[in-house]
Structures are given as C-alpha cells and as structure tokens.
Amino acid sequence: MKDDLRLSELYSRGIAPGEAEKILSWIDSAHQRNEPEKAWSRISSQILTPAHAFSLHAWLYEQCYGTDAGPAWLPSAEVVERANVTAAAKSLGLADYASLHRWSAELREAYWALAIERLGIRFSRSYAKIVDATEPTRPKWLIGAAMNIVESCFQAGDDKPAIIEGGQSASRTWTYGELKKLTARVAHGLAVRGVKPGDAVGVVMPMTPRSVAIYLGIIAAGAVVVSIADSFAAEEIATRLRLAGAKLAFTQDVVPWAAKQLPLYAKMVEAKAPATIVLAAGEKIAGAIRAGDFSFDNFLSTDDSFKPVPRSPQEPINILFSSGTTGEPKAIPWDHTVPIKCAADAHFHQDIHPGDVTCWPTNLGWMMGPWLIFATLINRATMALYAQAPTDAGFGRFVSEARVNMLGLVPSLVRAWRQSECMRGIDWSTIRAFSSSGECSNPADMLYLMHLAGYRPIIEYCGGTEIGGGYVSGTVVQPCIPATFTTAALGLDIVLLDDDRKPARKGEVFIVGPSIGLSTRLLNRDHDAIYFADAPLADDGTPLRKHGDELQKLRNGYYRVAGRSDDTMNLGGIKVGCAEIERVLNPLQGVQETAAIAVAPPGGGPSRLVIFVVPKAGDPITADALKPIFQQAIRAQLNPLFHVAEVRLIDSLPRTTSNKVMRRELRAKY
C-alpha cells in the first residue's frame with residue numbers, strides 16, 4: 001500500500017513508470033543500508049533537473065532523509081582534486097581538510113605566510129615578522145613591511161576581464177588594464193584636489209565599475225575610503241561622514257532602480273556633505289549641482305599611470321560602519337591587511353580561481369562590497385556587477401550570460417525568487433558554488449537555490465565587518481546540508497559558551513585569535529570594552545573575543561546559527577541596532593516607548609522585525625494604525641530596505657533592575 005501511494009505520488013508529479021520504480025528501489029535500498037545520501041545523490045544527479053517542479057525535488061529529498069536534514073550535495077573526486085584547499089593541504093603533506101584547519105588554527109603565522117604566498121600579495125618592502133601579539137587584543141601584522149593593497153589587485157594580465165557590467169543595457173566587459181587606468185586617473189585627481197595620504201574620502205554610490213575604480217583610486221593615493229550605502233537616509237549619511245571626518249565625497253546624481261530614478265545627490269546636499277564629485281547615471285548629470293561640487297569628468301586626471309603610495313600595513317584604507325547596541329554606528333577601520341583575509345577566505349572557502357566569474361549583489365557601504373572587490377581581484381577573477389534590482393528574471397539572465405561561477409546572496413533574496421519563481425527555466429549550469437551571508441538561512445529556501453543550478457554547494461558564510469570576512473563557513477570539499485556551516489574559517493578557531501561561560505553545544509560564539517582581519521580599534525568606541533570585556537581566557541591564557549552570534553553545534557559536527565546574544569539584528573542582510581530603530585520611533589505621536597526585536601519565522605530563515613509599543617496614556621492608537629507610520633519613519637530616516645513585519649501593543653516593557661530593556665524576554669514572549 002505504501003509503495004502504491006509513493007508510486008502514485010511520483011506519477012502525479014510527472015515521473016514515468018519504470019523511472020518511478022527505479023527511484024523507489026534506490027531509496028529503499030539506501031534506507032536498508034542506512035545510506036540515504038547515496039540515494040539522494042543518484043536521484044539529484046541522474047533524475048532531477050531544474051525543469052522539474054521544486055515540489056518534486058523537495059518531496060524526494062524528504063523521502064530520502066525523512067525529517068533529518070542530510071547532504072543535498074556531495075563533492076565529487078574531481079571537485080575535491082581541483083579545490084584550493086586540497087592543493088594547500090598537499091603542499092603541507094596533510095591528508096584532508098580537517099588536518100588543514102587544525103594546522104591553520106595551531107600555526108597562525110605559518111597559515112598567513114602560506115595565504116600571502118598563494119595569493120601573491122605584493123610588498124614595497126617585505127615583512128620581517130608575520131605578527132607581533134605582545135598586546136593580545138591588538139596584534140600587529142606584517143611587521144616592518146611597506147605595501148599598498150591595490151597593487152595586489154592588478155596581478156592579472158591587462159587584457160584579462162576584471163568586471164562584467166550589466167543591467168542598464170547591453171553588458172560591457174572592463175579589462176584589468178581599463179580598470180587600472182581609471183583607478184590611476186582617480187588617484188591623480190585626488191592629489192590635484194589636495195587629498196593627502198590618511199585623508200578620509202566618502203563614497204556614497206551603487207556598486208558599479210566606476211565606483212570600484214573610485215574605491216581603489218582612493219586607497220592607491222594612500223587615502224581612506226568612507227563607504228556608505230546609497231540606500232541610507234540623509235541623516236544617516238551625515239552621521240557617517242561626520243564620524244569619519246570626510247573632507248571630500250563621491251556620489252551619483254540618481255540611482256536607476258527598476259523603473260524609477262531614486263535621488264542620491266539630493267540626499268548628499270541634504271546631508272551637508274563636503275565638496276562632492278558627482279557622477280552621471282546617464283549621459284549627463286540630472287539637474288544642477290552646488291557651488292564647490294564638480295562632475296566626475298571634470299575631476300578625472302588625464303594621467304592614467306600611477307604607482308600606489310606605499311603605506312604601513314596598519315594604516316587604514318576604509319572606514320565601514322556596523323551597528324552596535326547604541327544609536328550611533330560603530331566606525332570600523334580596515335587596514336591594508338584586511339583584504340588579505342577577504343581574499344584568503346574566498347580562495348579557500350568559496351574556492352575562487354583565476355578566471356572565475358563572481359557575482360554578489362551588494363554595496364560598498366556593507367562589508368561584502370569591499371570583500372567582493374578584494375576576493376575577486378586579488379584572486380585574479382572577474383566581477384559581474386548588475387545595476388538593477390536582483391529580484392527578477394533580468395538578474396537571472398545576466399548571471400547566465402556572464403557565465404557566473406560563484407554566486408553570492410542574502411537568504412531573503414532566495415525567498416523572493418522562490419515565491420515568484422522568476423528564475424525558473426534560466427540556465428545556471430556554469431555556477432560551481434553559491435555563497436550565502438548576512439542573515440539566517442531557511443533549509444527549504446536553500447534547497448530551492450541548489451536545485452536552480454542542478455545542485456551545487458552553498459558556502460554558508462558568517463562573520464562581520466569587524467572580522468573582515470567569516471569566522472564560520474563551508475568548503476567545496478565537504479558535503480553541503482542546506483542552511484548549515486561545516487567549519488570554523490581557516491586561520492582561526494571558535495568556541496561556544498553558555499550563559500555561565502562553560503563550553504556548550506549551543507551558545508555564544510567566542511573567537512580564538514589572533515587572525516588577520518580582526519579589528520583592533522574603533523574610531524568612536526572603546527574597542528576592548530566591546531569585544532574583550534569580561535571575556536574568558538583561551539587555553540594559552542589569551543582573552544577570547546566576543547562576537548555576539550549564537551551557534552548550535554549539530555550531532556554531525558556542523559553548525560547552525562541560532563540568532564544574536566545582544567541587541568543587534570540582521571534585516572535583509574543589513575546589521576542594525578535595536579536602539580537605532582527605537583530612536584526613530586520613540587518620538588512619534590502616541591508613542592511612550594518602543595522595543596524592536598528580530599524574530600525567526602517558523603522553519604527558520606531571515607529575521608522579521610517586530611516592534612513592541614507602550615502607547616501614551618489615554619491615546620487610542622492601534623497597532624494597525626502604527627505599522628504604516630513606523631514603516632514610513634524607518635524608510636525616511638534609516639533605510640527603505642527595512643520592513644516592519646508586526647507591531648504589538650504592550651502595557652510596559654520588561655526591564656532589569658538597572659532599567660535596561662530585556663529584549664530577550666520579549667523574544668521569548670513572542
């Protein structure tokens with residue numbers, strides 16, 4: 001009877017007789033031997049294609065594994081042999097990935113020396129020592145060296161493709177030579193305008209080939225990029241320019257988005273930005289510009305040859321911003337060593353090779369924008385940049401036409417694709433790996449993503465701006481279970497501790513340093529107080545580094561993100577502090593006070609923003625009436641990408657004896 005029902009199910013889903021019986025025999029045989037992954041591997045590689053309805057994929061996956069998630073992808077011998085981690089392990093005489101990670105965590109200096117060698121990092125003067133960890137919370141890297149990381153971004157031949165640009169009209173390919181020349185013209189233009197090494201220069205732009213050249217040109221000149229997401233409201237842009245002390249800024253007149261032209265330069269004017277260089281999204285700048293501002297064409301130098309200014313490895317190259325538990329964002333400097341972390345992670349975890357095409361819809365204001373630049377260019381690969389929203393079939397066709405090999409994304413984007421089915425029928429056969437970051441993944445959504453490319457691994461990648469990359473990740477040499485991580489990132493280690501600071505299978509993440517990429521200072525906060533205060537000690541007596549994520553270690557040794565232990569949240573891949581949202585909402589009419597929390601939907605996945613509200617006494621306001629008011633305020637003052645999922649009225653907020661709001665209790669109540 002059971003077989004009849006299963007056969008009937010397969011027939012109803014378009015599987016022919018004979019083939020259906022074969023599938024069930026594979027499943028039953030694998031179950032008898034307790035090897036469900038073998039049945040799924042055969043079914044996913046020999047039977048299923050992206051043309052089959054995803055519901056069939058999901059049903060067969062469940063038939064193989066039941067309610068326990070299992071590998072949706074297994075690495076072939078060819079994939080393992082080709083992988084960068086395999087080459088590194090062989091060069092050291094190590095047998096497998098586990099041995100490589102253990103070696104990298106135990107011998108940090110040797111690992112980073114190997115990474116620097118494999119990436120071909122260039123120096124004006126070589127380092128005398130990899131690290132000086134005399135101050136355990138503030139180690140210094142590449143002692144005695146002089147360098148400018150931009151030099152390491154142009155190791156591919158001038159005729160090799162650096163960027164594939166699409167989304168506006170026909171795709172255009174920029175060579176490394178063209179990108180290098182525009183970078184040089186930007187660097188010379190900055191010198192002409194009086195920008196000196198160490199000066200801060202704002203970049204508030206979408207991610208385009210020109211903004212990449214601007215970003216690299218600022219660093220080549222020895223100056224510091226202040227990268228700010230173009231989606232921010234004017235007030236937030238002003239805050240970030242002020243915190244970094246920017247003396248000049250780059251922006252675009254408007255941002256084409258779907259059928260709209262979103263104003264950007266107007267926000268810079270409202271933010272009272274310093275002297276601003278304005279790029280035209282079209283043929284010419286839309287509207288007039290302020291006195292003292294000038295067009296990008298008038299700014300550019302005609303000299304397209306430039307030697308990047310050598311700097312100490314500890315000199316900053318980029319100020320990025322990450323939300324904490326107060327209303328003001330943390331200003332985090334990246335120095336010339338952090339891109340080595342970006343590129344090394346991409347080399348070993350995302351397995352990027354020279355000539356590969358990478359694509360990751362992102363922005364220079366978030367760490368994945370700079371990460372993508374260094375991860376791609378230092379590995380001599382090609383970036384595919386799409387100028388429109390990545391939410392429809394146009395983006396899918398661009399990925400296909402650009403022959404993307406590694407596609408990165410945030411999980412909420414996958415959920416949108418799954419709901420609309422906009423990627424159905426698009427050929428993604430060139431993709432070798434996906435990567436997911438920014439928010440919690442939902443297993444069903446990730447299985448859906450894998451099926452779009454005929455099953456390729458998803459490298460789940462979790463870290464932060466203050467890490468310069470990931471602390472937990474995956475690899476292409478380990479089986480991929482949707483929405484899980486397989487390993488701590490190479491070059492560092494992690495421990496999970498419970499509320500009593502005891503080792504636990506589910507607990508708060510503490511990073512075992514040191515590692516290139518880990519921040520050592522903040523411009524506007526006490527760095528050690530945030531990351532090391534009251535932290536327990538590692539076995540060697542050095543303090544562990546607090547991160548704030550909570551992980552669960554599964555029975556199979558893999559990891560799953562369980563949320564945050566502090567008052568920050570990830571919304572659509574953007575980290576924001578609860579206090580930042582509450583600061584915007586508390587002054588609104590009828591509101592006594594608010595508490596913002598992020599909650600995972602049933603089944604897991606991207607967080608939903610829920611606002612608890614204590615209304616003013618006697619005010620008849622309702623939750624339904626407040627929701628659009630809150631949404632508009634957040635859109636205007638913070639970020640239009642943040643979506644209010646629900647508003648709940650409450651008599652009072654739970655507080656500690658020191659009057660701190662207990663958001664964890666609100667999450668539990670929800």
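This is a short tour of selected places in a predicted model, taken one selection at a time.

**Helix 6 and its surroundings**

Begin by selecting residues 84–91, which form helix 6. Within this helix, colour Asn-84, Val-85, Thr-86, Ala-88 and Ala-89, each of which is buried. To see what the buried residues of helix 6 pack against, add helix 5 (77–82), helix 7 (97–106) and helix 8 (108–119), and then helix 14 (338–348), which also belongs to this packing. Moving past the end of helix 6, select Gly-93, which follows the helix and has a positive phi, near 75°.

**Gln-478 in its loop**

Go next to Gln-478, which sits in the loop between strand 20 (469–473) and strand 21 (487–488). Is Gln-478 buried or exposed? Its relative accessible area is 15%, and because the cut-off for buried is under 20%, Gln-478 counts as buried. Show the side chains here, and two polar contacts of Gln-478 can be displayed in turn: one with the side chain of Thr-475, at 2.8 Å, and another with the side chain of Thr-486, at 2.7 Å. Widening the selection to residues beyond four places in sequence, Gln-478 is in contact with Trp-73, Pro-75 and Tyr-97, as well as with Thr-486, Thr-487 and Tyr-558.

**Trp-417 in helix 17**

Now select helix 17 (residues 411–420) and pick out Trp-417 within it. Trp-417 has a relative accessibility of 0% and is therefore counted as buried. With residues up to four places away in sequence left out, the residues that Trp-417 touches include Pro-390, Thr-391, Phe-395, Leu-407 and Leu-409, together with Cys-422, Met-423 and Trp-428, and also Tyr-448, Leu-449 and Leu-452. For a distance across the model, draw a line from the C-alpha atom of Trp-417 to that of Glu-593: the two atoms are separated by 36 Å, and the residues are 176 apart along the chain.

**Cysteines**

Finish by displaying the cysteine sulfur atoms; how many disulfides are there? The count comes to zero, where a disulfide would need a pair of cysteine sulfur atoms within 2.5 Å. Cys-153 is in no disulfide, and the nearest cysteine sulfur to its own, that of Cys-342, is 9.9 Å away. Cys-153 is also buried, with a relative accessibility of 0%. Select Cys-359 last: this residue too is in no disulfide, with the nearest cysteine sulfur, that of Cys-422, lying 14 Å away. Cys-359 has 2% relative accessibility and so counts as buried.

Technical notes: Residues numbered from 1 in each chain as written. Predicted model: local features only at pLDDT ≥ 70, side-chain atom pairs only at ≥ 80, totals over all residues. Heavy atoms only, no water. Buried < 20%, exposed > 50% of the residue type's maximum accessible area, 1.4 Å probe, protein only. Helix = DSSP H or I, 4+ residues; strand = E, 2+ residues; numbered from the N terminus. Contact = heavy atoms within 4.5 Å. Polar contact = N/O pair within 3.5 Å; in protein donor to acceptor, adjacent residues only side chain to side chain.
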